[in-house]
Amino acid sequence: MSSDPGDLANMADLALPEPISFWPPAAGVWIVGVTVGAMLAVMAWRALRRYRADAYLRRAEAEIDALAGGGAEMAEAVSAVLKRAAIVAYGREGVASLTGPGWAAFIRQTTPAGIQTADLGEGLTDMFVPGARAPGESALVAQAKDWLRSQRGRAAKEA
């Protein structure tokens, strides 16, 4: 090294700052993280609440599955299961007294558009008529289960 201040051999590299570390994150990241965590907790709590509120529908669907192959009493047994589920979803006052055509009309009215319940309504109406043609057992079971699935979330909204 020379004592000449203009000599290029005396030059040194620029002093660079330390690289910015990833941790700890900025305050905005903490705020977004806490907000997202709170939203996920609320969504999980609501999903659990709805799952528990729809337990009666899962139970009714399992009972209808157990009824398969029940023979002539099939429509009557399916009607009893559906009535218990409807009482939970719509209240005892509006459902318990319904029978025959009124009960079948209630099922049709509470079925959302796009779900077929023609055989179910016919089976519920004709089960009290002697000698009436009973709808196919598989169609009755399938449509009863479709009606039950369409009622998901009903009791949870009212709670």
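In the predicted model, Arg152 has a relative accessibility of 29% and therefore counts as partly exposed. Its side chain forms a salt bridge with Glu61, in which the closest N and O atoms are 3.4 Å apart. This pair links distant parts of the chain, since Glu61 lies in helix 2 whereas Arg152 belongs to the loop between helix 7 (137–150) and helix 8 (154–158), with the two positions 91 residues apart in numbering. Glu61, at 13% relative accessibility, counts as buried, because the limit for that class is under 20% relative accessible area. The bridge thus joins a buried residue, Glu61, to a partly exposed one, Arg152. Glu61 and Arg152 are also members of a network of salt bridges that includes Asp146 and Arg149.

Helix 2 (residues 55–67) contributes a further acidic residue, Glu63, to the salt bridges of the model, of which there are 7. Glu63 is partly exposed, with a relative accessible area of 25%, and its side chain meets that of Arg84 in a salt bridge with an N to O distance of 2.2 Å. As with Glu61 and Arg152, which link distant parts of the chain, the pairing of Glu63 in helix 2 with Arg84 in helix 3 (residues 74–90) connects distant parts of the chain, the two residues being 21 residues apart. Arg84 is likewise assigned to the partly exposed class, its relative accessible area being 43%.

Glu63 also forms a salt bridge with Arg59, where the closest N and O atoms are separated by 3.7 Å. Here the partners belong to one helix: Glu63 and Arg59 are 4 residues apart in helix 2, so that about one helical turn separates them. Arg59 counts as exposed, at 55% relative accessibility, whereas Glu63 is partly exposed at 25%. Glu63 therefore has a partner within helix 2, namely Arg59, and another in helix 3, namely Arg84.

Apart from these charged pairs, the surface of the model carries a nonpolar patch of about 380 Å², which is made by Val32, Val36, Leu40 and Met43. Of these residues, Met43 is placed in helix 1 (residues 27–53). Met43 counts as exposed because its relative accessibility is 54%, a value that lies over the 50% limit for the exposed class.

Key. Residues are numbered from 1 along each chain as its sequence is written. This is a predicted model: local features need pLDDT of at least 70, side-chain atom pairs count only at pLDDT 80 or more; totals for chains, interfaces and linings use all residues. Side-chain values use heavy atoms; hydrogens and water are left out. Patches are made of residues with over 30% relative accessible area and no salt bridge: like charges are joined within 9 Å, nonpolar side chains (Val, Leu, Ile, Met, Phe, Trp, Tyr) within 5 Å. Accessible areas come from the Shrake-Rupley method with a 1.4 Å probe; for residues, only the protein chains shown count as cover. A salt bridge is a side-chain nitrogen of Lys or Arg within 4 Å of a carboxyl oxygen of Asp or Glu. Buried means under 20% relative accessible area, exposed over 50%, partly exposed in between (1.4 Å probe, protein chains only).
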